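Got a minute to look at a model together? Here is the one to go through, with a few questions a bench person might ask.

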Amino acid sequence: MIQHPLHHTHARLLVITSLALIIGGCSPSGPSEQAIRDYAETARPQDPELSGIYQRSCMACHSRGTSDAPLTGDSEAWNRRLEKGMRRLVDNVVSGMGGMPPYGLCMDCDTAEFQALIEFMARPAET
């Protein structure tokens with residue numbers, strides 16, 4: 001019995017697709033949305049001074065998901081912003097952006113503190 005060449009092509013395609021789905025299912029994925037929310041609610045910078053600034057100025061929006069602000073630990077959301085460059089992100093904090101007021105409510109913060117806070121918030125959630 002002679003089989004049509006397309007039959008072999010379809011069979012190969014089915015095997016390749018199946019393997020891709022199996023391998024894709026085994027690959028590590030990021031934390032769930034709920035895990036990021038849980039992390040964002042409790043995360044604090046280790047540095048006590050930076051932690052105080054974060055709690056006073058950043059936490060209200062970046063820990064609760066009640067605004068358009070990216071959650072602390074949501075590396076996917078932060079990576080899209082980081083692609084624009086750290087300087088631009090710091091400039092956005094200084095000038096304000098969307099619902100974030102100028103200086104992110106930290107009128108006495110300097111550029112280094114803003115950068116450290118952004119780096120902390122952009123770090124992937126520890127679950």
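**Confidence and pockets**

The protein averages a pLDDT of 84 (pLDDT is the predictor's confidence in each residue, from 0 to 100), and 77% of the residues score at least 70. This is a predicted model, where local features need pLDDT of at least 70 and side-chain atom pairs count only at pLDDT 80 or more, while totals for chains, interfaces and linings use all residues. Residues are numbered from 1 along each chain as its sequence is written, and side-chain values use heavy atoms, with hydrogens and water left out.

Reader: Which helix has the lowest confidence?
Author: Helices here are DSSP runs (H or I, at least four residues), numbered from the N terminus. The top of the range is helix H6 (residues 111–122), with a mean of 98. At the other end the mean is 43, and that belongs to helix H1 (residues 5–26).

Reader: How many contacts does the stretch 6–27 have beyond near neighbours in sequence?
Author: Over residues 6–27 the pLDDT is below 50. Where pLDDT is low, the predicted coordinates should not be read in detail. Contact means heavy atoms within 4.5 Å, and beyond near neighbours in sequence the model gives this stretch one.

Reader: Which helix gives the largest share of the lining of the largest pocket?
Author: A pocket is an open set of points on a 1 Å grid over the protein atoms alone, where a 1.4 Å probe fits, with protein on both sides within 12 Å along at least five of seven lines; lining residues have an atom within 4 Å of a point. The largest pocket is lined by 31 residues, with His62, Ala69, Pro70, Met97 and Met100 nearest its centre. Helices H3 (48–62), H4 (75–82), H5 (86–95) and H6 each give two or more residues to that lining. The largest share, eight residues, comes from H3.

Reader: And which helix gives the most to the lining of the second largest pocket?
Author: That pocket is lined by 14 residues, and Glu33, Ile36, Leu71, Asp74 and Glu76 lie nearest its centre. Two helices give two or more residues, H2 (33–42) and H4. With three residues, the most comes from H2.

Reader: Is Ser51 buried or exposed?
Author: Ser51 lies in helix H3. Leaving aside neighbours within four places in sequence, Ser51 is in contact with Arg44 and Pro45. Buried means under 20% relative accessible area and exposed over 50%, with partly exposed in between (1.4 Å probe, protein chains only). Ser51 has 9% relative accessibility, so it counts as buried.
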